[in-house]
Amino acid sequence: MKMSLKTPLLALLSATLLLGCSSTPSEVEMMADHRASVIEAGLPYKIGPLNVMSAKSNKNVVELLMIYNSSGTVSPTALVDASIKTYCKSNEVRSVLKKGVIYKVTIRSERGQMLVEESISEQTCQQVENKS
């Protein structure tokens with residue numbers, strides 16, 4: 001049985017393409033991990049009625065946990081809406097959103113009750129821009 005030169009070349013090309021596709025998610029995961037690590041290094045910190053308590057990554061998602069101070073005058077939903085606009089306007093954050101990183105913001109009451117949970121992605125930013 002005679003093997004042509006095309007068969008090994010085709011196999012090599014296919015393997016290279018598959019490896020190239022599989023490396024993209026890990027790059028995005030590394031970016032999410034880096035972003036979470038940078039945020040985590042400065043915790044806890046307070047932003048108005050919110051205390052940012054934790055930041056961790058889960059695949060391509062940066063998960064942020066915030067505790068809402070019940071004496072705040074701005075609702076948690078309004079705070080998340082303002083955060084979305086801030087994230088989308090930040091060149092640094094927007095560049096990682098465009099690469100596939102997602103921020104998941106969870107706001108809980110001081111007693112642990114879930115108040116708001118929202119994901120911020122490039123698609124979210126595009127929707128916000130279209131509403132403006």
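At 10% relative accessibility, R94 counts as buried, the cut-off for that label being under 20%. This arginine is a handy way into the model, which is a predicted one. R94 belongs to helix α3. Setting aside residues up to four places away in sequence, R94 touches Y87, C88, E122, C125, Q126 and E129.

**The helix around R94**

R94 has company on the inside of α3: the buried residues there are V93, R94, V96 and L97. Their directions cover an arc of only 165° around the axis, so they sit on the same side of α3. Turn to the face pointing away from that buried side and you find the exposed residues N91, E92 and K98. Just past the end of α3, G100 takes a positive phi of about 115°.

What does α3 meet in α4? On the α3 side the residues are R94, L97 and K98, and on the α4 side they are E122, C125, Q126 and E129. The axes of these two helices come within 8 Å and cross at roughly 120°. Angles of 65 to 115 degrees would count as roughly perpendicular and those over 145 as roughly antiparallel, and α3 and α4 are therefore oblique to each other.

**Stepping back to the whole chain**

The protein has 132 residues, of which 31% count as buried. Its secondary structure comes to four helices and five strands, and reading from the N terminus the elements go α-β-β-β-α-α-β-β-α. For contacts with a separation of 6 or more, 51% are between residues 24 or more positions apart.

**Helix α2 and its buried side**

Helix α2 covers residues 76–89, and a quick length check works out: at 1.5 Å a residue its 14 residues should span 20 Å, and the end C-alpha atoms are 20 Å apart, which agrees. Which residues of α2 are buried? They are P76, L79, V80, S83, I84, Y87 and C88. These cover an arc of only 165° around the axis, which puts them on the same side of α2. The face turned away from that side carries the exposed residues T86 and K89.

The buried residues of α2 have plenty to pack against: the strands β2 (50–58), β3 (61–68), β4 (102–109) and β5 (114–120), plus the helices α3 (91–98) and α4 (122–131). Two of the buried α2 residues, Y87 and C88, also turn up among the residues that R94 touches.

**The sheet**

The five strands form an open sheet in the order β1-β2-β3-β4-β5, with mixed pairing. At its edges are β1 (45–47) and β5, each pairing on one side only. Ignoring direction, neighbouring strands of this sheet are turned by 30° against each other on average.

At the β5 end, β4 and β5 run antiparallel and are joined by six bridges. Two of the bridge partners are easy to pick out: T106 is matched with E117 in β5, and Y103 with I120 in β5. The hairpin made by β4 and β5 has four residues between the strands, and there G112 takes a positive phi near 95°.

**Two partly exposed residues**

E118 lies in strand β5, while S37 has its place in helix α1 (residues 6–41). Is each of them buried, partly exposed or exposed? E118 is partly exposed, with a relative accessible area of 32%. S37 is partly exposed as well, with a relative accessible area of 41%. Both values fall between the cut-offs of 20% and 50%.

Each has a C-alpha atom some way along the chain worth checking in your viewer:

| Residue pair | Separation along the chain | C-alpha distance |
|---|---|---|
| E118 and Y103 | 15 residues | 8.3 Å |
| S37 and A55 | 18 residues | 7.2 Å |

Beyond its neighbours within four places in sequence, E118 is in contact with V80, I84, Y103, K104 and V105. Of these, V80 and I84 are among the buried residues of α2, and β5 is one of the elements that the buried residues of α2 pack against.

Terms used: Residues are numbered from 1 along each chain as its sequence is written. This is a predicted model: local features need pLDDT of at least 70, side-chain atom pairs count only at pLDDT 80 or more; totals for chains, interfaces and linings use all residues. Side-chain values use heavy atoms; hydrogens and water are left out. The expected span of a helix is 1.5 Å times one less than its number of residues. Buried means under 20% relative accessible area, exposed over 50%, partly exposed in between (1.4 Å probe, protein chains only). The arc is that of the directions from the helix axis to the C-beta atoms. Contact means heavy atoms within 4.5 Å. Two strands pair if DSSP finds at least two bridges between them. Axes are lines fitted to C-alpha atoms, for helices over the stretch in contact, and angles run from 0 to 180 degrees between N-to-C directions. Angles under 35 degrees count as roughly parallel, over 145 as roughly antiparallel, 65 to 115 as roughly perpendicular and the rest as oblique.
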